[in-house]
Amino acid sequence: MKCDQQSNSLSTSATARHLRCYSITGSRGRIPLVAVVLLNLLAFSSWLNASDWPQRLGNALHSGDASGEELGTDFQILAALPLSDSVMASPVINDQYLIAVDASGVVHAFDVATLNKLWSYATDSNPGNCNNVASPVLIHGFVHVGTMSGRYVVLEQATGKLINEMDCGEPILSSPVVSGDRVYFTTLGATTRAVTARGDVIWSWDFVKEVIGFEGDRWSGSDWLAFRGDRVTWKDHFVCSRDLCMVNQTLVVPCGGRTVFLQDLGNSSVLLDIGTIPGYAGTEYPATFGQSGDAKGNVYVQWHRRDNAGRVEVFKLGDFLRDTEVGSAESLELQQSSQEANTESHSPKVINTYVPKTETSIDQYGLLGFSSPSVQKDRLYRVKPESGAGLVEHHLLTGETRTLHPDAGLASPVLTRERAIYGGLDGEVYFVPLHSDGPELEVIKTPLHGAISTPVSVAEGRIYVANEDGYIYVIASKSDAVKAGFVGTQKPIRNLDLHQIRNPLRGPKAGSEYNWYTNYGDFSGTNANDQGLVAPLRMRWAMRLDGTIKHLPVCGGGRLYLHTAEGQILAVEQDTGRLLWRRYWPDVYLSFTSPLYVDGKLIVPQAGIKRSVMRCLDAETGELLWEAPFTGSPSWSRQFPPVVSGDLAIYASGAGDYAAQGTEKPFVFRGQPIEQEGREVMSWIYSNDNPYYPKNHKPRLWAWDCRTGELVWEKDFSEQGRGGNDCGICLLDGKLYYSVFFGYDEAARLRRGLPPENNGLTMCLDPKNGNEVWSTNEYYVTSKCTLSAREGKLYIGGFNRARSGTDDRFVWCLDAETGKLVWQSDPVTSALNVVTVGPKHIFSNALRGKGNVFDRSSGKVVEQIGHNYACCRFTLSEPYVLGANMDMIDLSDQGKLVSTGPAIDSRECLGAVVSNGRIFYASQASGFVVSQTFGQEAEALAPIWEQRASPPK
């Protein structure tokens with residue numbers, strides 16, 4: 001515990017205009033100067049009497065309803081309170097104290113009246129106690145905090161003295177809720193507890209044991225393998241990484257894509273029922289990205305199943321759902337769902353419907369939300385990372401929908417009497433009028449432009465904003481500032497340099513030569529390495545991800561990098577998973593591309609229907625170095641970023657017109673084509689089976705100077721054929737290789753007046769200028785696959801047939817010097833993503849078919865792997881292939897499954913990578929990233945939540 005009596009206060013005089021925008025600006029450089037005011041403490045404390053905001057989003061419903069709050073106008077930043085790390089959890093307030101928890105698990109207390117620091121308490125000095133996202137709660141003079149290191153801590157509110165501590169043995173990502181005299185919280189492993197105000201446990205309920213029936217170590221792949229006898233699937237998905245809520249005295253907990261309703265019986269609990277999402281773009285249990293409730297007993301769940309498919313589901317306990325409570329049957333298409341629960345009697349039943357016009361998918365325009373909906377009266381409000389539709393209002397009775405503000409966000413809105421308030425990914429705070437006759441829109445810009453990823457807190461007319469730049473910003477109206485009697489002065493706001501690595505990865509393979517620096521491992525696309533991988537596997541760390549991805553983790557410079565399909569780029573420490581920086585650009589739309597780490601830079605293709613831009617960032621800080629436009633849809637087959645040869649970054653794309661749905665059936669992913677007055681428009685996420693492409697769809701290659709972003713050369717191969725979306729590139733021995741698919745239906749192309757001759761093209765080029773060395777139209781990728789190369793050979797696969805009239809698919813091996821065929825494999829179901837070429841094994845995955853191991857000299861299939869994977873993105877770390885949910889399969893032992901799970905993902909589109917002697921896994925559907933150790937390190941290095949350091953006294 002320590003005391004700090006310094007004040008950090010800010011003020012400014014902003015001019016009024018229709019759109020008020022308050023900005024703290026300063027001199028050029030990394031540390032902007034801001035206007036800081038000294039508070040007249042006597043005047044300030046004489047009129048301030050803060051109301052309570054005791055938990056995240058204000059109440060146990062997590063509804064965000066603060067309709068009792070009536071705010072002023074002309075908002076400005078009053079204070080910037082520095083913490084010790086990023087702030088990703090909402091602060092809580094009562095009439096005396098402001099309590100906040102930063103990402104390192106340090107609890108900070110401020111005097112509400114003076115904003116002076118009172119005390120701080122480090123819940124766990126373990127450097128892995130990072131990315132804390134669970135907001136604290138206040139109850140009866142105590143502060144409750146759940147941490148990433150698995151400690152549940154109760155402190156005395158006035159002094160910060162430790163009152164109680166519980167070692168939960170696994171992280172806590174879900175914010176606790178207060179109801180009556182009790183606090184409820186759930187661990188990442190889906191164990192829910194009820195505790196007293198002093199933190200004494202009253203009862204505990206375990207979803208994994210009670211519902212799944214698993215009694216082993218839920219974080220152990222060997223225990224899950226022994227339990228299942230085969231790989232885990234979505235049926236075993238259990239993690240609770242989002243917030244629970246209390247609705248009508250019933251605890252509602254998101255457990256592995258299912259919504260659990262628990263009743264507190266006093267000294268125990270009972271499972272009432274489990275809400276499951278009905279079939280929509282699949283039937284597997286989806287992931288919950290946010291849930292909340294309303295006073296009528298409705299539970300609103302924002303969920304995601306696969307590839308942008310999701311909506312807001314409405315659950316309720318009862319025999320029926322009254323039309324007046326959630327909406328008319330006509331507008332909401334009320335459905336009774338069959339729900340399952342492991343209990344003899346679970347009445348009342350859960351029934352469900354959904355909020356119309358919240359549906360998203362890959363074949364209709366609109367992105368998912370990644371936060372809980374907020375509810376006020378008969379209206380529901382959602383925030384999304386979608387440019388043009390950031391804050392959306394849904395009328396629950398009429399079904400009407402309107403966009404209130406275009407700017408994207410991740411944090412749930414807080415709803416005051418006249419405004420919705422939310423923070424943006426660019427550090428702006430939006431005060432959006434709820435009604436047409438309400439106050440004007442106002443925007444406050446925080447000085448360091450850090451992302452705001454958690455809801456604001458509101459108390460007695462003041463807004464408290466947690467920012468990933470490490471500050472809590474206190475915002476108030478101009479009238480409040482006048483009442484406080486401010487005296488202006490100047491003081492800088494310091495950049496806290498949170499991008500710096502605090503706990504570097506160490507070990508014999510920490511060097512750059514062991515980086516998995518691009519999506520397919522290296523510029524040759526081998527998708528393979530050998531870093532001594534061996535069982536056992538053991539969890540190291542876990543973190544929450546508010547977004548979806550379709551690429552593998554990428555490592556370099558001691559950091560791991562991710563690019564969400566919605567436009568976020570993130571960097572985290574490899575050893576702990578600590579978030580170092582987050583960047584966001586608008587207009588990115590379902591862009592599945594991987595970042596590329598090279599020479600201290602991060603190069604990321606960010607694509608959208610409106611525009612596509614190649615961006616180069618400083619990998620350490622996330623600062624944008626340059627950007628350059630390109631065309632095309634980085635979709636199924638194009639997870640790859642550029643390859644780099646010398647000073648050139650080289651990328652392949654297609655050119656053409658795009659929409660959420662195409663105009664002719666072959667251009668449409670599914671459903672009905674959209675009429676475009678004779679124009680041929682291609683579906684942005686195109687179908688798996690492409691017999692041909694639109695007439696204006698051109699295959700293109702680009703080469704930019706890595707240092708400046710200047711376009712050095714560009715090639716258009718449309719004289720060879722039309723296509724370009726299904727393509728691949730790689731480098732080998734100083735040469736560039738490019739392959740593209742034009743479709744297998746020659747007759748259809750002839751009827752449409754398109755060049756019928758070629759179904760595809762593969763080329764060898766000089767990377768310095770793009771000049772052709774050799775080309776062939778006989779062998780080419782056939783969709784959903786890139787190129788790979790090793791030891792003078794080029795390997796080509798794909799999902800589609802190569803020619804009409806046959807259903808056979810093959811892997812082709814070409815001589816890299818001449819383009820001549822070396823061998824054609826035995827027929828395969830498909831060869832997805834890439835043909836993996838390791839030092840010893842050649843492997844390819846098949847969609848819902850058996851994976852194949854090929855003889856290097858002949859292409860004969862010498863081994864097959866079953867387990868019925870879908871589009872799993874396998875990698876090879878000799879002799880093991882790594883698949884979904886950390887599956888580990890031994891290619892040297894007849895495809896034996898060595899380890900599986902835990903099932904953190906509801907889909908199986910992604911696998912794991914071995915980089916720098918560690919395993920890294922990012923879920924495609926469930927918003928989750930984890931790391932594992934293996935072999936001797938696994939035996940010596942415990943998961944972060946099992947490592948214990950003595951807390952301060």
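Two strands count as paired here if DSSP finds at least two bridges between them. Keep that in mind for the first exercise, and remember throughout that this is a predicted model.

**Exercise 1. The hairpin of strands 21 and 22**

Work out how strand 21 and strand 22 are joined, and find the residue with a positive phi in their hairpin.

*Solution.*
- Start with the pairing. Strand 21 covers residues 299-306 and strand 22 covers residues 309-317; the two run antiparallel and are joined by 7 bridges.
- Pick out one rung of that ladder: V301 has E313 of strand 22 as its bridge partner.
- Now look at the turn. The hairpin has 2 residues between the strands, and D307 takes a positive phi near 45°.

**Exercise 2. The sheet around the hairpin**

Place the hairpin in its sheet: what is the strand order, and which strands stand at the edges?

*Solution.*
- The sheet is open, has 4 strands in the order 20-21-22-23, and its pairing is antiparallel.
- Strand 20 (287-293) and strand 23 (350-354) each have a single partner strand, so one side of each lacks a neighbour in the sheet.
- As for twist, neighbouring strands are turned by 30° against each other on average, direction ignored.
- Moving on from the hairpin, strand 22 pairs with strand 23 over 5 bridges, again in the antiparallel sense. Here F315 stands opposite N352 of strand 23.
- Finally, check burial, for which the cut-off is under 20% relative accessible area. In strand 22, 8 of the 9 residues are buried, so the rest of the structure largely encloses this strand.

**Exercise 3. Two cavities**

Describe the largest and the second largest cavity: what is the volume of each, and which residues line them?

*Solution.*
- First the overall count: the structure holds 10 cavities of 30 Å³ or more.
- The largest cavity has a volume of about 170 Å³. Its lining has 17 residues, and R56, F289, F370, S371 and S372 lie nearest the centre.
- Strand 20 turns up again here, giving 3 residues, the largest share of that lining.
- By type, the lining of the largest cavity splits into 5 nonpolar, 7 polar and 5 charged residues.
- The second largest cavity holds about 110 Å³ of space. Among its lining residues are M88, N131, V133, M543, R544 and R582.
- Two elements give two or more residues to the lining of the second largest cavity: strand 37 (537-544) and strand 41 (579-584).
- Sort this second lining by type and you get 6 nonpolar, 2 polar and 3 charged residues.

**Exercise 4. From G221 to the cis prolines**

Start at G221 and find what it touches; then locate the cis peptide bonds at P536 and P902.

*Solution.*
- G221 sits in helix 3 (residues 221-228). Its relative accessibility is 2%, so G221 is buried.
- Leaving out residues up to four places away in sequence, G221 touches S899, T900 and G901.
- One of these leads straight on: G901 is joined to P902 by a cis peptide bond with omega about 5°. P902 itself is in the loop between strand 67 and strand 68 (912-915).
- Back at G221, measure across to P536: the C-alpha atoms are separated by 8.4 Å, although the two residues are 315 apart along the chain.
- P536 follows a cis bond as well, joined to A535 with omega about 5°, and its place is in the loop between strand 36 and strand 37.
- Strand 36 and strand 67 share a sheet too. That sheet is open, with 5 strands in the order 36-64-65-66-67 and mixed pairing. Strand 36 (528-529) and strand 67 (896-899) are its edge strands, each pairing on one side only.
- Strand 36 runs parallel to strand 64 (residues 875-877), with 2 bridges joining them; A528 has L876 as its bridge partner.

**Exercise 5. Loop residues, buried or partly exposed?**

Decide for A281, S783 and T187 whether each is buried or partly exposed.

*Solution.*
- A281 lies in the loop between strand 19 (269-275) and strand 20. This non-glycine residue has a positive phi of about 55°, and at a relative accessible area of 25% A281 is partly exposed.
- S783, in the loop between strand 55 (772-776) and strand 56 (788-790), is not a glycine either, yet has a positive phi of about 90°. With 1% relative accessibility, S783 is buried.
- T187 belongs to the loop between strand 13 (182-186) and strand 14 (191-195). Its relative accessibility is 0%, so T187 is buried. Beyond its neighbours within four places in sequence, T187 contacts C168, E170, P171, I172, R193 and C240.

Conventions:
Residues are numbered from 1 along each chain as its sequence is written. This is a predicted model: local features need pLDDT of at least 70, side-chain atom pairs count only at pLDDT 80 or more; totals for chains, interfaces and linings use all residues. Side-chain values use heavy atoms; hydrogens and water are left out. Axes are lines fitted to C-alpha atoms, for helices over the stretch in contact, and angles run from 0 to 180 degrees between N-to-C directions. On a 1 Å grid over the protein atoms alone, a cavity is a set of points where a 1.4 Å probe fits but cannot get out, and a pocket is an open set with protein on both sides within 12 Å along at least five of seven lines; lining residues have an atom within 4 Å of a point. Grid points are joined across faces, edges and corners, and a volume is the space filled by probe spheres set on the points. Ala, Val, Leu, Ile, Met, Phe, Trp, Tyr, Cys and Pro count as nonpolar, Asp, Glu, Lys and Arg as charged, and the others, Gly among them, as polar. Buried means under 20% relative accessible area, exposed over 50%, partly exposed in between (1.4 Å probe, protein chains only). Contact means heavy atoms within 4.5 Å.
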